[in-house]
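Hi there,

Here is the structure I promised to pass on to you. Have a look at it first, and then read my notes below.

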2 protein chains.
Amino acid sequence: MRSASTKTRTRPGRQRAYHHGDLRRALIDVALELVTREQDWAFSIRELARRAGVSHRAPYNHFAEKLDLLAAVAAVGFERLRVALLRAIDGIDDREAALIALCRTYLRLGLENPALYRLMFGPALSATGAVDRPTVARVAGAQARAVLEDVILEGARAGVFVLPAGAPNAVALAALSVWSATHGLTMLLIDRIPPPNLSVEDMTETLLRSVIGGLRQARMAHSAQAR
Amino acid sequence: MRSASTKTRTRPGRQRAYHHGDLRRALIDVALELVTREQDWAFSIRELARRAGVSHRAPYNHFAEKLDLLAAVAAVGFERLRVALLRAIDGIDDREAALIALCRTYLRLGLENPALYRLMFGPALSATGAVDRPTVARVAGAQARAVLEDVILEGARAGVFVLPAGAPNAVALAALSVWSATHGLTMLLIDRIPPPNLSVEDMTETLLRSVIGGLRQARMAHSAQAR
DNA sequence: ACCTGAACACCGTTCAAGT
DNA sequence: ACCTGAACACCGTTCAAGT
């Protein structure tokens with residue numbers, strides 16, 4: 001799309017040029033911008049349509065209801081997360097350092113765009129009412145999770161991390177513990193729950209120390225190599 | 001209120017009896033019931049008024065806007081949490097066992113009423129748009145947090161837990177780590193993010209093992225400096 | 001296949017009164 | 001002090017058409 005000539009915007013038929021048949025994408029873009037700027041997804045479908053320059057009915061040609069639109073926005077957020085996580089560990093050899101980089105990146109992204117983050121893990125996916133319709137976002141979330149599991153698996157193979165047992169679930173369970181801790185701190189910070197006299201850096205460091213400690217655990221016989 | 005005769009409900013003036021001047025309380029009750037049953041707080045103020053048997057305008061005499069009503073509901077949730085946490089550790093001597101009991105209770109309550117839990121930590125408190133109006137819920141949350149901090153402080157004094165440094169923040173930081181992990185797992189479970197082949201019990205146990213490990217953690221060689 | 005515009009039943013919030 | 005009822009400007013979603 002970006003390779004196409006930008007002159008189309010200066011052409012006479014300006015209104016048609018913007019959508020050029022991809023109103024769906026345009027709606028997601030506008031919604032993402034709204035979520036980011038207003039830090040809220042309470043905007044109406046009608047306003048969305050207005051900003052996209054179409055009738056208030058048009059969005060329903062692409063999304064059955066508002067929930068589906070929000071799920072699409074969440075999917076974009078998960079994709080961004082996945083890319084950011086992959087980039088964060090790029091070129092890092094030490095799996096422990098890689099894990100820390102993952103957690104810090106995760107936290108940073110959450111704090112950068114709290115509303116998007118909450119949308120990703122919120123009601124849009126959790127199927128509060130009916131069946132889990134927005135599979136899109138769920139799949140995207142699973143891909144982001146895979147990055148974390150890979151690092152832990154590699155660390156376990158390298159002997160840096162000690163996993164609970166030989167169960168096939170071990171990696172998934174360990175990853176979920178790390179994820180829980182990081183996700184929890186991110187959420188608490190987003191929601192401004194911690195007392196204001198604690199600094200984000202201190203909280204992060206304390207948590208990561210605990211998380212890493214939990215993974216090194218078990219055989220703490222001899223002092224391991226310091227970093 | 002409970003000490004008052006319940007015969008008032010069987011009296012002739014049934015309509016007046018229910019509110020007996022406390023429409024505010026009645027509205028909170030109805031809202032809490034709606035949140036619990038529908039697992040959602042998308043209900044309208046008008047519907048709330050309908051169920052309470054008053055005009056759709058009446059609620060505005062007690063809550064400036066819907067947010068304030070939701071904050072009041074959240075405050076009830078925090079109070080319930082505080083009571084449940086206190087009861088959970090009642091009679092337990094071992095501070096490590098007490099801490100585990102706290103985490104498990106926290107998790108259980110969250111899974112019992114996900115919508116209320118999400119409301120407690122959600123936008124109603126986080127002041128997405130303006131100033132932090134709903135101080136009510138914030139205070140209630142701080143009280144619940146105090147229970148956790150007490151257990152950790154006592155454990156540290158008894159030598160069961162080893163805290164980072166002598167900084168006055170140490171207890172708060174340690175408590176926040178434990179809270180983050182527990183809160184994170186609760187949220188992830190509520191949102192059905194973990195893969196379905198993992199059992200809740202396995203996830204919980206793995207997490208708690210890691211959390212406890214982090215608190216026992218022998219001071220590793222170099223001392224930790226808090227900023 | 002996609003869009004428009006009218007229509008329906010709702011909503012949050014305000015205003016002007018009532019008691 | 002608290003409640004009512006009308007009113008305003010919105011909303012999500014559906015229907016019947018247009019191209």
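Which helix gives the largest share of the surface near DNA strand C? The answer is helix α3 of chain B, residues 45-52, which contributes three residues. Please keep in mind that this is a predicted model.

Let's stay with the DNA for a moment. DNA strand C is surrounded by 18 residues, and the closest are Ser55(A), Ile45(B), Arg46(B), Arg50(B) and Tyr60(B). Of the strand's atoms that come within 4 Å of the protein, 51% belong to sugar and phosphate. By class, the residues of this surface are seven charged, six polar and five nonpolar.

Some individual contacts are nice to look up on screen:

- Arg46(B) has a side-chain N or O atom 2.4 Å from a base nitrogen of DNA strand C.
- His56(B) places a polar side-chain atom 3.4 Å from a base oxygen of the strand.
- Tyr60(B) has a side-chain N or O atom 2.6 Å from a phosphate oxygen of the strand.

Now turn to chain A and a pair of packed helices. Helix α6 (residues 114-121) and helix α9 (residues 170-190) of chain A meet at an angle of about 130°, and their axes are 11 Å apart. Because of that angle, α6(A) and α9(A) are oblique to each other. Their crossing is left-handed. On the α6(A) side, Pro114(A), Tyr117(A), Arg118(A) and Phe121(A) make the contact; α9(A) brings Trp179(A), His183(A), Thr186(A), Met187(A) and Ile190(A). Sorted by class, this contact has six nonpolar residues, two polar and one charged.

Enjoy exploring!

Methods:
Residues numbered from 1 in each chain as written. Chains lettered and ligands numbered in written order. Predicted model: local features only at pLDDT ≥ 70, side-chain atom pairs only at ≥ 80, totals over all residues. Heavy atoms only, no water. Axes fitted to C-alpha atoms, helices over the stretch in contact; angles between N-to-C directions. Helix = DSSP H or I, 4+ residues; strand = E, 2+ residues; numbered from the N terminus. Parallel < 35°, antiparallel > 145°, perpendicular 65-115°, else oblique. Left-handed = near helix turned anticlockwise from the far one by under 90°. Contact = heavy atoms within 4.5 Å. Nonpolar A, V, L, I, M, F, W, Y, C, P; charged D, E, K, R; others polar. Near = heavy atom within 4 Å. Polar contact = N/O pair within 3.5 Å; in protein donor to acceptor, adjacent residues only side chain to side chain.
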